[in-house]
Amino acid sequence: MKIMSINAGSSSLKFSLFEMDTKTCIASGYFERVTLEGSFYTIKYNGEKIQESIDMPNHMIAVEILLDRLISIGIIESLDEIEGVGHRLAHGADRYKTSAPITEELMADFKSYTELAPLHIPANILGIEAMKKVLPNVPMVGVFDTSFHQTLDITKYIYPVPYDWYKKYGVRKYGFHGTSYRYICKQIPRLFGKDQYKAIICHLGSGASVAAVKNGECIDTSMGFTPVVGVMMGTRSGDIDPSILPFIMEKEDKTIDEVMSDLNKKSGFLGLSQCASDFRDIYEGVRNGNEQCQLAFSKFVQTVVNYIAMYYVELGGADVLCFTAGLGENASEAREAIIEKLSCLGIKLDSQANQIRGEEVRISSEDSSVQCFVVPTNEELMIAEDTLSLIGE
């Protein structure tokens, strides 16, 4: 059985096609600059990479091109081979605690959440509508980025603001990266050797967050009402004093939207380094003695360590510390700096084991109080597995 995972952005469409009998990805790709000039796609299949520049004025055209290429390249013989489609959805508010079949009711709910994720939900909707038009008889499933965090206790998700804000408008911590966390939680019992565990998972990429997990359930997470808070990220600020916003609005004569754009798109690594948002460029600057890059690197490490330390206390100790996502899986320098700052907790690094990129491996020493792992995430497979589970019901 073949299942497709779809992640639609405002100007992009990412896909993976899985053979679920073996849980192997038989094709994947990225359609970029959809609706913009210079649009193109990349499809990886059977060890090859195919790239083509082609006009894609909307998501419907992108989907049509994708499905046409799957057949013309020979990845599938007909569209009938695709028996389910799973869509990554940015927000399920506090209603959707698990993935769910995409119905008219779900779509109505999802559209009503647009103000909670205004940049992502309209794009997700376009992806669903395009796939439904081209594959009208194929069952589709919504996999919510927020669902994993619905196990939070009210003391963790409530903010100390007027309670009416929560009751009237849903102002609370929601958390994100949930699909990645769920995938990692499925791997921990195999790595740790026990089903009962206390873990701290660091999903570190351009967007980054940390979660405290007990026996597969989320206890707390660093992202909140939106993905801008928590640890420092590629272009997002992470936690700041909210009083900075009106102060800068007055000083710079900016609107609230402009300042929020600064916090989302011009802060983090980019804001502090003044030159780059990608960790690889930041660490190259560190090696070359760039003081702004050194500051950005040190600040990032400190914000991650702060959350790990807090969650260590919340969990009453930890058995496992996991690093995942692009930076977490590949930046050995960041992992080393983070673990060094945790030495007071008895957490110790195996420096040689840490010299890997994108591989599943234990990187803590034998005498470390916490087992530390690098675990490559696979959100696309998680989406496909949820889809298979639900369309089989």
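The following questions and answers concern helices and one residue of a predicted model.

Q: Why are helix 10 and helix 11 called oblique to each other?
A: The axes of helix 10 (residues 279-287) and helix 11 (residues 291-315) cross at roughly 120°. Angles of 65 to 115 degrees count as roughly perpendicular and those over 145 as roughly antiparallel. The angle falls in neither class, and the two helices are therefore oblique.

Q: What makes the contact between helix 10 and helix 11?
A: Helix 10 contributes Phe279, Ile282, Tyr283, Gly285 and Val286, while Cys293, Gln294, Ala296 and Phe297 come from helix 11. By class, seven of these residues are nonpolar, two are polar and none is charged. The axes come within 7 Å, and the crossing is left-handed.

Q: Why is Leu106 called buried?
A: Leu106 has a relative accessible area of 2%. Buried means under 20%, so Leu106 meets the criterion. This residue lies in helix 2 and touches Leu89, Tyr96, Ala100, Pro101 and Phe144, leaving aside residues up to four places away in sequence.

Q: How do you know that the reach of helix 3 is close to the expected value?
A: Helix 3 (residues 121-134) has 14 residues and reaches 20 Å from its first C-alpha to its last. At 1.5 Å a residue, 20 Å is expected, and the computed reach is close to that value.

Q: What covers the buried residues of helix 3?
A: The buried residues are Ile121, Ala123, Asn124, Ile125, Gly127, Ile128, Ala130 and Met131. Their cover includes strand 1 (2-9), helix 1 (59-72), strand 6 (82-89), helix 2 (104-112) and strand 8 (140-144).

Note on methods
Residues are numbered from 1 along each chain as its sequence is written. This is a predicted model: local features need pLDDT of at least 70, side-chain atom pairs count only at pLDDT 80 or more; totals for chains, interfaces and linings use all residues. Side-chain values use heavy atoms; hydrogens and water are left out. Axes are lines fitted to C-alpha atoms, for helices over the stretch in contact, and angles run from 0 to 180 degrees between N-to-C directions. Helices (H or I, at least four residues) and strands (E, at least two) are DSSP runs, numbered from the N terminus. Angles under 35 degrees count as roughly parallel, over 145 as roughly antiparallel, 65 to 115 as roughly perpendicular and the rest as oblique. A crossing is left-handed if the near helix is turned anticlockwise from the far one by less than a right angle, and right-handed if clockwise. Contact means heavy atoms within 4.5 Å. Ala, Val, Leu, Ile, Met, Phe, Trp, Tyr, Cys and Pro count as nonpolar, Asp, Glu, Lys and Arg as charged, and the others, Gly among them, as polar. The expected span of a helix is 1.5 Å times one less than its number of residues. Buried means under 20% relative accessible area, exposed over 50%, partly exposed in between (1.4 Å probe, protein chains only).
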